[in-house]
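Please open the model in your viewer and keep the selection panel at hand. The stops below are meant to be followed in order.

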Amino acid sequence: MTKALLALAAGVLLLGNPGLCPAAHAVSEPPEPDYVVVDSGHYPTDDDARAAWTAGAAREAVSVQNAGRRNVIRLPWRFGSGSAQRAYWDRSVNMDLTACRGLVFRFFCADPSAVSAFTCYLRSGEGWYSAAFQPDRREGWNTVAIDKSDTWIEGRPAGWRRIDRVRIAAWRAGNGDAYACLADLGILGGAASILAIRNESASSDALGSAVRSTQLVGQCLINAGVSFSMVSDRDVNEALLKGRQMVILPYNPEMPAPVIGLLDRFLRAGGKAVSFYMLPPELEPIVGIRRGKRVRQNYPGHFSSIRPDPACRIAGFPASVGQQSWNIVEAFPLEGRGSVAAWWHDDKGRNLNEPAIVATDRAVHMTHVVISDDPGGKQTLLLAMVGHFLPDLWQTAADREIAAIGRIGAFSRPGEAEQAIRRSMGHDPAVSQALGQAATWRTRVMELAAERRYPETIRAAEQARRLLLQAWCATQPVSTMPEHRAFWRHNAFGVEGMTWDQSVKILADNGFTAVFPNMLWAGTAYYPSKVLPISGAVAEKGDQIALCAAACRKYGIECHVWKVCWNMGGRAAKEFTEKMKREGRVQMTAEGKPLDDWLCPSHPDNQALEVNALLEVARQYDVAGLHLDYIRYPGQDSCFCAGCRRRFEETIGRKVKNWPADARADDALAAKWRDFRRDVISRAVESVSREARKAKPGIRVSAAVFPNWPTDRDTVGQDWSLWCRKGWLDFVCPMNYTPSRVAFESMARRQIAWAGRTPLYPGIGLSAWRNRGDIEELIGQIRVTRDLKTGGFMIFEYGDWEATRLVPLCGSGITRKKTSD
């Protein structure tokens with residue numbers, strides 16, 4: 001079938017093939033597309049391009065740009081003047097994307113320095129689907145894939161068959177005028193035999209979890225090479241299900257009755273299901289599963305891993321998958337319909353006798369949602385669950401793993417990585433041994449593939465790549481200069497299944513110099529506090545600051561105690577939360593809705609609570625530093641409580657007649673309101689800095705901050721450049737959580753200027769990436785910090801996967817301890 005016919009079958013609008021037109025600046029010709037093109041961007045004149053693509057502001061109107069033998073679309077932004085926070089360009093379309101994976105286009109951006117992020121929006125009905133993207137390189141064209149399963153939801157979209165607008169947006173990071181080029185907007189993927197159904201009709205309380213669960217399942221399937229189409233439950237009809245072999249339900253707690261009826265008929269007709277957490281009750285007897293009770297974890301690490309039953313019949317099932325679940329909903333096979341394929345185990349390896357995976361004649365069901373820990377294990381688990389009913393997928397997955405063996409760092413062709421490793425390895429016997437073992441495993445891979453033993457082929461290919469990656473990591477150069485190398489740890493109890501002594505020793509052995517454990521929230525302390533309510537776990541597990549600090553002293557690394565400010569995070573005792581609400585100490589939105597988990601920063605008692613809790617730590621413990629996080633408002637929509645109004649009016653010396661409307665709509669008053677919010681947060685930072693240094697001379701105060709200071713100082717009141725200039729911070733850690741090295745470098749370059757003389761240690765968002773096991777990108781971003789001479793870096797975050805897999809790989813090369821240490 002021709003591309004034009006394929007596009008028409010997908011319900012999309014194709015453009016013509018306009019002639020050429022010269023443009024002012026030379027841009028290389030984009031590669032020939034290997035997908036169905038909706039809009040080539042090949043317009044003859046500026047007027048033609050502008051008729052198709054409408055700019056959000058007249059001065060950002062698109063134009064044509066010559067690119068070799070053709071034209072492309074030029075998207076300019078004018079952030080050198082004015083206060084606009086984004087530029088955007090819209091294309092009206094009539095697209096049905098139900099049968100494909102999403103959108104794809106070519107994107108060229110030689111200078112993204114004034115842009116914090118790009119976003120692709122797709123409008124449907126009363127809402128939008130959106131996904132952020134970043135160019136992977138400045139030179140040449142990037143291929144941007146917008147996978148439907150990775151999108152977020154704004155408003156209430158009507159489903160994927162009713163896309164009527166595509167929007168590309170550039171978000172301001174600083175001052176500067178530049179442009180990007182776009183070409184060959186098209187369709188990503190084609191019809192697949194598997195449908196993943198996202199519960200988009202769920203209530204607002206459940207929708208966020210449904211979106212995130214679908215994203216994680218989608219990421220696992222994509223990484224495993226499994227072809228699927230993600231659709232909204234609003235899209236599901238009989239025609240869509242026709243010809244499909246399987247549906248995947250990542251988290252679907254509130255499915256519409258008509259959709260449940262369609263799935264009932266689909267399953268009775270021979271279709272299969274892979275499901276998670278809670279099936280719609282009407283479908284349970286159809287697939288042969290009986291729901292049990294909800295079981296919450298009794299302690300951190302209660303539900304820790306999934307391990308197969310000795311009689312498990314699911315081919316390729318991994319020996320153990322890490323999954324730190326906080327609760328499950330029991331599920332049991334109906335008699336004669338199936339069996340328990342895997343069980344939950346705790347962090348000591350004990351079988352909890354709670355089913356984790358149930359396999360029947362019509363479904364494979366997991367008793368919790370997929371979460372982001374152990375990404376490699378989750379990928380294998382999802383492949384095994386899907387492959388149980390669709391065994392032909394194993395060959396495709398095996399071919400993908402074989403092709404990936406030598407794709408390491410910048411190397412993509414067979415043998416390139418090994419040759420580069422041998423050139424730089426010197427006389428390291430460990431590297432030589434790893435290369436030899438990798439070669440042996442590659443031979444075994446080909447033998448297994450020839451025998452069509454695909455699950456074993458995949459395991460062997462993973463082993464070959466792991467050994468090659470191990471050798472590559474060992475050749476990465478270590479810094480010759482002193483360097484701050486640190487991990488954040490969000491759990492006060494260390495790495496799952498480890499003591500603080502064990503957790504810290506791994507860091508120290510692998511050249512890391514500091515750990516930042518999260519020991520305080522706005523309403524909870526994980527140590528015997530006289531200021532904050534004490535977590536009940538302290539009575540059982542002890543003073544976590546004391547344990548972590550002792551381990552740090554023992555192994556010679558720094559302990560910087562991390563506090564989440566203002567945000568109670570659902571961890572505070574109910575009595576404390578209710579007390580805060582009664583006393584008018586929680587934040588309020590402009591619509592008058594209380595934010596129960598957020599303390600109002602302008603309330604004097606809340607300011608005192610934050611400062612006194614940190615001073616208590618400084619006085620009681622031998623720690624290197626205090627680290628402020630969430631030292632901001634949650635967004636622009638708070639806090640508008642009565643106390644804020646009174647304190648703001650006292651600050652400006654007059655009453656605000658229409659509250660809070662005037663503080664948002666009146667330009668002059670809104671500017672004073674933004675100043676007030678910034679001053680409130682800054683006052684807390686100044687107080688902590690001043691009083692902590694008095695209480696403990698030499699202690700260092702730092703903060704984790706949003707990456708885009710010029711914008712964030714207005715939106716969330718986080719004026720961290722001021723804090724640096726005033727000397728209130730000893731170092732600052734912008735959270736640059738992007739998997740794009742180009743974007744990471746652009747962010748860090750801007751931030752160095754904003755920090756001035758204050759050391760800046762960029763935060764690398766490893767655990768927030770789609771592939772949290774991407775050691776190559778992690779090493780690449782560490783090297784960026786060295787190129788920019790920041791003097792150090794931070795990594796989010798230190799979990800089991802990082803401690804056991806990634807930190808040792810860093811320690812073999814990029815963070816290797818000096819032999820004299």
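The tour goes from a sheet and its helices to a capped helix and then to aromatic pairs, and the model it visits is a predicted one.

Begin by selecting the nine strands that form an open sheet with mixed pairing, in the order E14-E13-E15-E16-E23-E22-E21-E18-E19. Strand E14 (229-232) and strand E19 (321-322) stand at the edges, where each has a single partner strand, so one side of each is left without a neighbour in the sheet. At the E19 edge, two bridges join E19 to the antiparallel strand E18 (residues 305-308), and there Ser305 stands opposite Gly322.

Next, add helix H3 (residues 204-224), which lies across E13, E14, E15 and E16 and runs at about 155° to E13. Helix H7 (residues 375-387) lies across several strands, including E16, E18 and E22, and runs at about 150° to E16.

Now move to helix H19 (residues 667-695), whose 29 residues reach 42 Å from the first C-alpha to the last, close to the 42 Å expected. Its N-terminal end is capped by Asp666, with a side-chain oxygen 3.2 Å from the backbone nitrogen of Ala668.

Finally, turn to the aromatic pairs, of which there are 31. The rings of Trp720 and Trp754 have centres 6.1 Å apart and planes at 70°, so this pair is edge-to-face; Trp720 belongs to helix H21 and Trp754 to helix H22, 34 residues apart. Select Phe731 and Tyr761 afterwards: their pair is tilted, with 5.1 Å centre to centre and 40° between the planes. Phe731 is buried at a relative accessible area of 1%, and Tyr761 also counts as buried, at 11%.

Definitions and conventions
Residues numbered from 1 in each chain as written. Predicted model: local features only at pLDDT ≥ 70, side-chain atom pairs only at ≥ 80, totals over all residues. Heavy atoms only, no water. Pairing = 2+ DSSP bridges. Helix = DSSP H or I, 4+ residues; strand = E, 2+ residues; numbered from the N terminus. Contact = heavy atoms within 4.5 Å. Axes fitted to C-alpha atoms, helices over the stretch in contact; angles between N-to-C directions. Expected span 1.5 Å × (residues − 1). Polar contact = N/O pair within 3.5 Å; in protein donor to acceptor, adjacent residues only side chain to side chain. Phe/Tyr/Trp six-rings, centres within 6.5 Å; stacked < 30°, edge-to-face > 60°. Buried < 20%, exposed > 50% of the residue type's maximum accessible area, 1.4 Å probe, protein only.
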